[in-house]
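Dear colleague,

Please find the structure below, handed over for your records. I would be grateful if you could read the notes beneath it alongside the model.

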Amino acid sequence: MILRLSALALMGTLLASTAFAGERGPPTAECPQGVLTLSLLKPLNNPPQPYTVKMWEERNKCMKLDISEVPFAQLADKIAVLAASGSPPDLVQYDGPYTQSYAAAGILLPLDQYFPPGLKEDITRPTLEEHSFEGKIYSPGTQQTSLALFYNADMLAPLGINPPHELDKVWTWAQAIDAMKKCQKGEGDNVSVWGLAPSRFGAGTPGFVYRDLLFVRSHGDPKAPEDSGLYKAYWGLSRDGRTATGWINSPESIEGAQFFSSMFNVHKITPKAGIPNAFQDRKACFTIDVSYFVSGLTNNNPGFKWGVTPLPYVRSPVVHTGSLTIGVFAKSKHPAEAAKFAIDVSTGEYAEEYIRRSRGIPVLKSLAAKLDEFKQYPLNIFVEQIDRYGHPRPPSPNFAQYDKIVTDALRDIAYGSDPKTRLDQAARQAQPILRRN
Amino acid sequence: MNTIEKIWHWAAVGCFVGPFLIMLALFQYFPVYEMLRDSLYDFSLLNLAKRQFVGLENYRAIIDDPDRIQAFYVTFMFAVGVVVTVIPVSFSIALYLNGRLPMRAIVRTVVFLPVVTSVVVIATMFTFLYDPNNGLVNSALGTIGLTRLQFHTNKHQALPAVIAMMVWQQTGFATVLFLSGLQGIPKDLEDAARVDGCSPLQRIRFIVIPLLMRTTVFVVVIMTVFSLQVFAPALVLTGGGPEGTTNFVAYDIYQLAFYLQMPGLASAVSVVFMAVVLAISLIQMRVLRVKETQA
């Protein structure tokens with residue numbers, strides 16, 4: 001008993017020192033109910049940016065934000081710990097694909113009742129799909145992302161290679177690999193310029209679901225019969241997010257994984273280990289990246305001409321969506337005020353200002369229509385891909401676990417593991433976890 | 001001692017020992033109790049309210065799951081690899097340092113320096129050293145005409161690569177222990193052997209090694225425990241891969257609890273691992289006692 005009390009006292013002290021709950025200050029002439037401080041947890045160097053917060057506080061004199069930041073890699077762990085505590089923050093900027101996990105665990109507050117009329121209809125389909133769970137919406141979304149293929153035009157021009165800029169003329173992966181092979185300089189241990197840059201996503205190793213599951217999904221077909229391997233390969237996980245067996249390891253999924261493996265082990269057009277800034281340093285002819293990369297290349301001229309072409313496909317074109325987004329903790333003592341902040345900074349002038357600066361893809365159709373930049377090359381490629389064939393990473397209340405298991409499997413396949421054996425293992429590992437409530 | 005003195009005596013004892021006992025109970029025994037209890041439940045850290053009693057189901061899952069068995073296997077292979085490499089290497093260096101050969105001070109510093117360096121720093125450093133494209137090790141191999149190795153992407157090379165890293169780090173500590181043992185051997189014994197015509201190798205075989213048995217067993221125990229606790233190389237260098245060949249138990253527990261949201265299973269693995277490590281330690285202590293008796 002004494003031990004328990006001591007432990008509780010200590011834990012109480014520790015939790016009190018990291019308490020996040022919003023506080024209301026003493027009444028003032030301008031704010032008769034006192035100034036309310038909302039607490040927000042967000043990853044470092046990510047939205048909402050200081051200019052957004054400043055603008056919002058100026059317009060809402062009786063509310064202000066108390067922001068805590070953690071490195072992105074620690075965000076999910078921090079949210080899990082705070083969810084278990086009695087005093088989580090009011091607001092959290094989290095990774096969109098985790099919406100279902102957090103909603104199923106009761107961590108996030110559904111925001112339907114706080115949405116102004118017309119907002120839900122204004123949100124693009126993949127974002128709405130990603131941020132919803134059991135018919136309720138948990139975040140409006142700050143921005144959207146998709147991947148495209150960037151190329152070094154100076155390296156390709158002498159070879160007579162001109163990648164398409166239109167979705168209707170999108171390359172197949174066979175065409176892309178042919179171009180990558182022609183552009184690559186050296187082979188075996190002596191490659192000076194790779195066809196395709198290594199992945200910079202996740203841990204910097206191959207396999208990250210956001211990028212590399214697309215090689216598998218593209219071997220599927222969403223129009224095929226629902227019990228076919230083609231259909232299951234395209235979705236990667238049953239539509240209710242509860243079954244991996246037969247989906248991630250369907251024959252067509254295995255075929256996709258074999259193709260993914262061949263890029264490293266047969267064609268050898270991309271390295272297994274990371275090379276920082278391979279594309280910018282002219283150590284790779286092509287790289288797969290998001291729309292922010294356009295900003296990076298525009299603002300920091302790499303010293304060569306570059307271009308963007310839609311992401312190649314095998315049977316079906318597909319890109320993953322998903323980005324950081326803002327939600328309200330279900331345990332917030334000020335849900336209405338927190339929801340107001342989440343919705344305000346995701347819409348109107350706040351969203352417009354952020355999108356103009358970041359070149360992230362708008363989640364609101366009205367905003368995308370307003371900004372000419374997203375109707376023109378190269379950013380139009382990202383917007384059109386999302387609109388035509390963008391999908392969230394396979395939604396599930398246990399997405400985080402699926403993500404980890406499949407990422408590890410694809411990493412091993414890139415390193416040379418047998419695709420069938422490794423995907424069967426991934427399905428076996430994921431299945432009992434996906435079945436949990 | 002009268003009653004008041006006894007009270008003061010025990011009060012003083014309580015003041016000195018009490019804080020330590022409370023801390024010990026709070027941070028050692030209470031977590032062990034919690035771990036034992038959690039191992040009987042299935043739950044997620046995201047929602048502690050959904051906690052389901054499953055009895056010994058988590059323990060059955062360990063036996064049935066080849067991934068858990070593999071984690072135990074690679075951890076023990078790692079420990080064996082480290083111990084059988086560190087012992088002869090550190091013993092040889094200690095012999096060198098115990099002699100009157102040149103540059104002893106520099107060699108001693110160089111050998112011991114990795115011991116005081118963080119494992120995370122060392123693992124990060126080896127990530128660069130082992131890099132297949134620009135790593136120093138592969139550049140050296142290339143210079144002498146050998147094929148580049150895929151240290152952390154090849155399932156046959158990853159574990160030996162991590163063992164080599166750990167050996168590099170731990171050799172200094174084992175060397176210091178052996179050196180202190182060597183310096184404790186009476187000089188006259190070696191002198192007598194020399195007079196009797198023993199060669200240097202015979203002196204090592206018949207005098208040094210038997211007299212260093214206690215030190216050797218101590219080094220084996222320490223290196224085994226260090227090796228079984230291995231975590232950072234998997235986190236920083238290999239991510240537990242490829243194909244789980246560096247998925248050490250401590251890393252597996254971390255992955256199960258925080259990434260796969262199965263803290264109940266992670267607790268069960270911890271309990272089993274604790275029992276196994278305890279058994280190994282007891283066996284080694286028994287061996288130590290036998291050797292002590294023989295000595």
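The notes that follow describe the conventions, the surface patches and some individual residues.

This is a predicted model, in which local features need pLDDT of at least 70 and side-chain atom pairs count only at pLDDT 80 or more, while totals for chains, interfaces and linings use all residues. Residues are numbered from 1 along each chain as its sequence is written, chains are lettered from A and ligands numbered from 1 in the order in which they are written, and side-chain values use heavy atoms, with hydrogens and water left out.

On the surface, B:R100, B:R104, B:R108 and B:K187 form a positive patch (residues with over 30% relative accessible area and no salt bridge, like charges joined within 9 Å and nonpolar side chains within 5 Å; a salt bridge is a Lys or Arg side-chain nitrogen within 4 Å of an Asp or Glu carboxyl oxygen). B:R100 sits in the loop between helix 3 (66-98) and helix 4 (104-112) of chain B. A nonpolar surface patch consists of B:F16, B:V17, B:F20 and B:L21, together offering about 450 Å² of accessible area (Shrake-Rupley method, 1.4 Å probe). Of these, B:L21 belongs to helix 1 (residues 3-38) of chain B.

B:N138, in helix 6 (residues 136-143) of chain B, is buried, with a relative accessible area of 0% (buried means under 20%, exposed over 50%, partly exposed in between). The side chain of B:N138 reaches the backbone nitrogen of B:L149 at 2.7 Å.

In chain A, A:A233 lies in helix 10 (residues 229-235) and is buried at 0% relative accessibility.

Yours faithfully

Definitions and conventions
Lys and Arg count as positive and Asp and Glu as negative; His and the chain ends are not counted. The place of a charge is taken as NZ of Lys, CZ of Arg, CG of Asp or CD of Glu. Helices (H or I, at least four residues) and strands (E, at least two) are DSSP runs, numbered from the N terminus. Buried means under 20% relative accessible area, exposed over 50%, partly exposed in between (1.4 Å probe, protein chains only). A polar contact is a pair of N or O atoms within 3.5 Å; within protein, one must be able to donate a hydrogen and the other to accept it, and residues adjacent in sequence count only if both atoms are side-chain atoms.
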